[in-house]
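Please open the structure in a viewer and keep the selection panel at hand. The stops below are given in the order in which they are best visited.

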Amino acid sequence: MREWLFEQLAAQAQRWRLWAPVAMGLGCAAYFALKSEPSIWPLLIGFLVSLGCAVMAWSRGTWRIIPFTLIAFAAFGLLMAKARSDAVAAPIATASEGPIGIEGWVVDVASPGSRGARVVLAPTWIEGVAADQIPHRLTVSLRGEAVRPGTQVALRGIANPPPGPASPGAFDFGRNAWFQSVGGSVLAITEPRPLVLAPPPWRLRLKMAINAMRFDLGQRIVARLGPETGGIATAMVTGHEAWIDPADEQAMRDSGLAHILSISGLHMAIVGGFVFFAVRLGVAAWPWLVLRVPGKKVAAWAGITAVAVYLVVSGAPPPAERAAIVAWVAFAAILFDRRAISMNALALAALIVLLRRPESVVQPGFQMSFAATAALVALAEVWPTRIKEVDVPWPIGAAQRLGSWVFAALAASFVAGLATGPFAMQHFNRSAVFGLFANLAVAPISSFVMMPSLAVGALMEAMGWGGPVLWLAGESIGWMMAIGRFTASLPGAVATIPSAPAIALPIAFVGLLFMCLWRGRLRWLGLPFACAVLLWPRAAPPDVWISGEGTNMAVRVDRSAELVRPRVGLFGADIWSRRRGLVLVTEGAERACRRSWCGMDVGDDRWAVWFGRRAPTADQVADLCAGATGVAVRAVVGALPRDCADVLVLDGTDFERGGSVELWREDGGWRGVWAQDVRGDRPWSRN
């Protein structure tokens, strides 16, 4: 046994370096897990000390090299995450009491929200806000159609800081906005009107010019293919989702094909790979040229250029940027005569991504993309090499190659699905039951027809000649949507899985990486850890949920959740109910609503929500408490009347301090968990 264990350790001699990005990622994650903001100086000192220990271990050549080096990478990740947070620090908007005037430049068109079109605005003036306190960016929900990037607008709207988590422990939208320098959101109550502003900085002018080009290209594609097909094509080319039909987006999500709409690794791989193989074939087909240039390296440069162009056209969102870095590292490996698809290349790409954006480590896209890629590279490492026959009839050879391709596609889809499963369960609480079959059916269409024709068609459409090629892309999108709609319509197509405790996901991530990075049979020790999200026991779901603004409430009834205001704040209520494995119900309970409040009877309990901005009078509070079990008041309430003595009452002071809350009934009292307590005192939580 001892000899066998030493053999297993010896097999990792060239694999320890692969754990460097894992250690750095754990260091970045440790920063985001802190409950209070650390000072940068202790982190810097800790990194220098760990680096010194690693250098000493390297100079002496002892076995301590590996642990000290990994500790140094973890300390470096913690330091870089803190430095990145300080570098992007920007003012955050405060909630306005009423409509205020705002002027600024439209930077880009964002994904539409529940109220319609949205844009990203670079404000130059905000009514009642000092110049040094104006946020760098705002997201604005517009009345009407989206406005072209580069437009100078003035409008009136209601401003709010970035929203916090919909429920304690859910995805932190405020943290995401912090690292994008988005300081708040605005609900416009007037249509934007044009005006003339002072010229912006050159970087902003360049960014708006690129985004205007992307928006114009998206409009051309929609005009060519129609709103339904053109909206999906535009999302895959420019990243703009403003024209996608919500029903189609839901069908893609339920069928497991939603990842095709987001520009990420699949798109970069297809576009870069298509250009690479096309250029390499073109060089090989020209005898004079093939004798004078290295065709493979020329094709690699073409692939690098194609990925760069696609990154610019897509607007360089974080998922596309991560995918571009991975593609560039793969093509660079070809230029340096190294294997393009290897764990070393993937580790280098992960280090570059974490160095550039340490916040990626807590984003679902980063976790899922690198987990899937690591699993596929590990599969490629153990995949048996096919023996090439000396001579075989072409029908038999074609059948063998087809069978090998189908089996490889099945294995790749299965492994990638297993690798991304824990993250889909934890973050989205959804599992597309038939997603494997939908992706297998769509893979040939997207890889060989849809994405290449979209890439060529978009390039030709910029010159006005993209009609025929875009028609082919539209037809392939129609085939994909037919598969997606059929798969989504099958009984039991979507399974809802409640989230496990937060600690389960990093355990699953490390277990999965251990299975991918370790060489030998001991890799299977990571399997039970990789299944942590699936196997971890779930606690009893809360009895009540109240939104962060105190404007809505949901009450649990067995495995369902009854919403007091069934048509308000559905996004947050849906996130909470799915995280807790509950079915959101908007009909059935007895509800009564007036101008500023709503009440609902569930069994013997009565629940009420005062959603008006003005504080209720003492008599109104007494009426709300009469016979009630719990009351949520958006505004600040003073002294409570006697009728509220035995009633759970939470008001604006509580919600301003704690955000959204989950409540459990225990021994005649209530136990609550507030979102702000889970977030801690961090820069993005100080609204």
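Begin by selecting Asp337, which lies in the loop between helix H12 (318–335) and helix H13 (343–356). This is a predicted model, and the backbone at this position deserves attention: the phi of Asp337 is near 60 degrees, a positive value in a residue that is not glycine. Is Asp337 buried or exposed? Its relative accessible area is 56%, so Asp337 is exposed, the cut-off for that class being over 50%.

Next, select Asn429. This residue sits in the loop that leads from helix H15 (394–428) to strand S7 (430–432). Here, too, a residue other than glycine has a positive phi, in this case near 55 degrees. The surroundings of Asn429 are of another kind: with a relative accessible area of 1%, Asn429 is buried.

**A buried glutamate**

Move to Glu37, in the loop between helix H2 (20–33) and helix H3 (40–60). The relative accessibility of Glu37 is 19%, and because buried means under 20%, Glu37 counts as buried. Which side chains make polar contacts with the side chain of Glu37? One is that of Lys82, at 3.0 Å; another is that of Arg682, at 2.8 Å. To display the wider environment, select the residues in contact with Glu37 beyond its neighbours within four places in sequence: Tyr31, Lys82, Ser85, Asp681, Arg682, Pro683 and Arg686.

**The sheet from S13 to S17**

Now select residues 590–593, strand S13, together with residues 597–602, strand S14. The two strands run antiparallel and are joined by 4 bridges. They form a hairpin, with 3 residues between them. Two of the pairings can be picked out individually: Cys593 has Cys598 of S14 as its bridge partner, and Ala592 is partnered by Gly599 of S14.

Extend the selection to the whole sheet. How many strands does this open sheet have, and in what order? There are 5, arranged S13-S14-S15-S16-S17, and the pairing is mixed. At the edges are S13 and strand S17 (648–650), each of which pairs on one side only. On average, neighbouring strands of this sheet are turned by 10 degrees against each other, with direction ignored.

**The helix on the sheet**

Add helix H22, residues 618–625, which packs on this sheet. H22 touches S14, strand S15 (605–610), strand S16 (630–633) and S17, and the direction of the helix makes about 150 degrees with that of S15.

Within H22, colour Val621, Ala622, Leu624 and Cys625, which are buried. Why do these residues line one face of the helix? Viewed down the axis of H22, the buried residues fall within an arc of 160 degrees, and therefore they occupy one face. These buried residues pack against S14, S15, S16 and S17. Rotate the view to the other side of H22, where Asp619 and Asp623 are exposed.

For the last stop, select Gly627, which follows H22. The phi of Gly627 is positive, near 70 degrees.

Terms used:
Residues numbered from 1 in each chain as written. Predicted model: local features only at pLDDT ≥ 70, side-chain atom pairs only at ≥ 80, totals over all residues. Heavy atoms only, no water. Buried < 20%, exposed > 50% of the residue type's maximum accessible area, 1.4 Å probe, protein only. Polar contact = N/O pair within 3.5 Å; in protein donor to acceptor, adjacent residues only side chain to side chain. Contact = heavy atoms within 4.5 Å. Pairing = 2+ DSSP bridges. Axes fitted to C-alpha atoms, helices over the stretch in contact; angles between N-to-C directions. Arc of directions from axis to C-beta.
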